[in-house]
Each structure stands twice: as structure tokens, then as C-alpha cells.
Amino acid sequence: MLNIVLTRIDDRLIHGQVMAGWVKYTQANRIIIADDGVAQDPFMEKVLKMAAPPGIKVEVYNIEKAINILKGDGQPGEKVIVLVKYPKAVYALLEGGVEIKELNIGGIGAGPGRKQLYRNISLSLDEKDVLNKIVSMGVKVYIKIVPDDKKIEVKKF
């Protein structure tokens, strides 16, 4: 299994907060994006790779391929951030056998059928159900937008 130092839901995937804060905080040197849509969009994949700072390897996979990669052997000293857009992607990774002990929710934008949970995090009823399933699988799920924030347990909501 790869050395996963952060699993994060953020519908923007790679952006300033992730790069400036989380990469430094976790000392990650590899980012794996698990998203079926982005994996089929070469332009978006290129944009995400360009958004990463020098020295950070960025890979984009569909969920199925991400499961296989994440369950594989990593390189010595490798530290991996896993980024997904939605809770169902994390649930699929877990169902596929990927070990995730903690899940950080950093941003899920407003949209049809979603209600604000906290600041820039909005969820539909289905997404809340999926998060409850993830919690019931023993994963510690928390909101922490930037590394300096205090962890807010999702169970509170």
C-alpha cells in the first residue's frame, strides 16, 4: 500500500491552498487524483499537473485504476496526497480495499440539492449518507480547510 499522508475531498482538486499549505504540511511528493471525469479530460489533467509546484508528481486516474495504484507498492520516502471531488469517490476507494484512516473535507461547492454544512462545504442528502457510511467503516472524517485550522469532526453535523 502506498504511504498516503492525506486523503482530501476538494472539488477544486489542485489549487493554491492545496499546494501552498497541504503539500508543505504533509511533505508530500506525489499527488494522486482519483476521478473518472478528470481522467477522461486530457486538457483538465494538463492544467492540474501545471498547477503543482516543481518536484511534485501529479497523476490522474479513474477510480478503478486509482484503487490498483494505491494498493500497490510505493517508493521509499514517498508521501502521497489523494485528492477526490466527492464523497462517493472515497467510498469507492474504501470498497476497493484502499486503507484510509482519516478523510479531510476541504471544499465541496454549493449546487442543486446541496445545503451548506460549513463555510465552503455543501452536501446533498446522498453525500451525507455516503459520509455516514465512511464514518461507519472506521474512518475519521473531519473538516479542515487549511492546515492551520482546527479539525472539526463531521459527526458534529
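Tutor: Two strands pair if DSSP finds at least two bridges between them. The model under discussion is predicted.

Student: What makes β1 and β4 a pair, and in which sense do they run?

Tutor: Strand β1 (residues 4-10) and strand β4 (residues 80-84) are joined over 5 bridges in the parallel sense. The requirement is at least two bridges, so the two strands count as paired. Within this pairing, R8 stands opposite L83 in β4.

Student: How do you know that β1 also pairs with β5?

Tutor: The same criterion of at least two bridges applies. Strand β5 (residues 102-107) is joined to β1 by 3 bridges, and the two run parallel; the criterion is therefore met. Here I9 stands opposite I105 in β5.

Student: Why is β1 called largely enclosed by the rest of the structure?

Tutor: A residue is buried if its relative accessible area is under 20%. In β1, 5 of the 7 residues are buried, and the strand is therefore described as largely enclosed.

Student: Turning to the helices, why is α4 called oblique to α5?

Tutor: The axes of helix α4 (residues 63-70) and helix α5 (residues 87-95) cross at roughly 50° and come within 9 Å. Angles under 35 degrees count as roughly parallel, and 65 to 115 as roughly perpendicular. The crossing angle falls in neither range, so α4 is oblique to α5. The crossing is right-handed.

Student: Which residues make this contact, and what is its make-up by class?

Tutor: I63, A66, I67 and L70 of α4 meet A89, A92 and L93 of α5. By class, the contact has 7 nonpolar residues, with no polar and no charged ones.

Note on methods. Residues are numbered from 1 along each chain as its sequence is written. This is a predicted model: local features need pLDDT of at least 70, side-chain atom pairs count only at pLDDT 80 or more; totals for chains, interfaces and linings use all residues. Side-chain values use heavy atoms; hydrogens and water are left out. Axes are lines fitted to C-alpha atoms, for helices over the stretch in contact, and angles run from 0 to 180 degrees between N-to-C directions. Helices (H or I, at least four residues) and strands (E, at least two) are DSSP runs, numbered from the N terminus. Angles under 35 degrees count as roughly parallel, over 145 as roughly antiparallel, 65 to 115 as roughly perpendicular and the rest as oblique. A crossing is left-handed if the near helix is turned anticlockwise from the far one by less than a right angle, and right-handed if clockwise. Contact means heavy atoms within 4.5 Å. Ala, Val, Leu, Ile, Met, Phe, Trp, Tyr, Cys and Pro count as nonpolar, Asp, Glu, Lys and Arg as charged, and the others, Gly among them, as polar. Buried means under 20% relative accessible area, exposed over 50%, partly exposed in between (1.4 Å probe, protein chains only).
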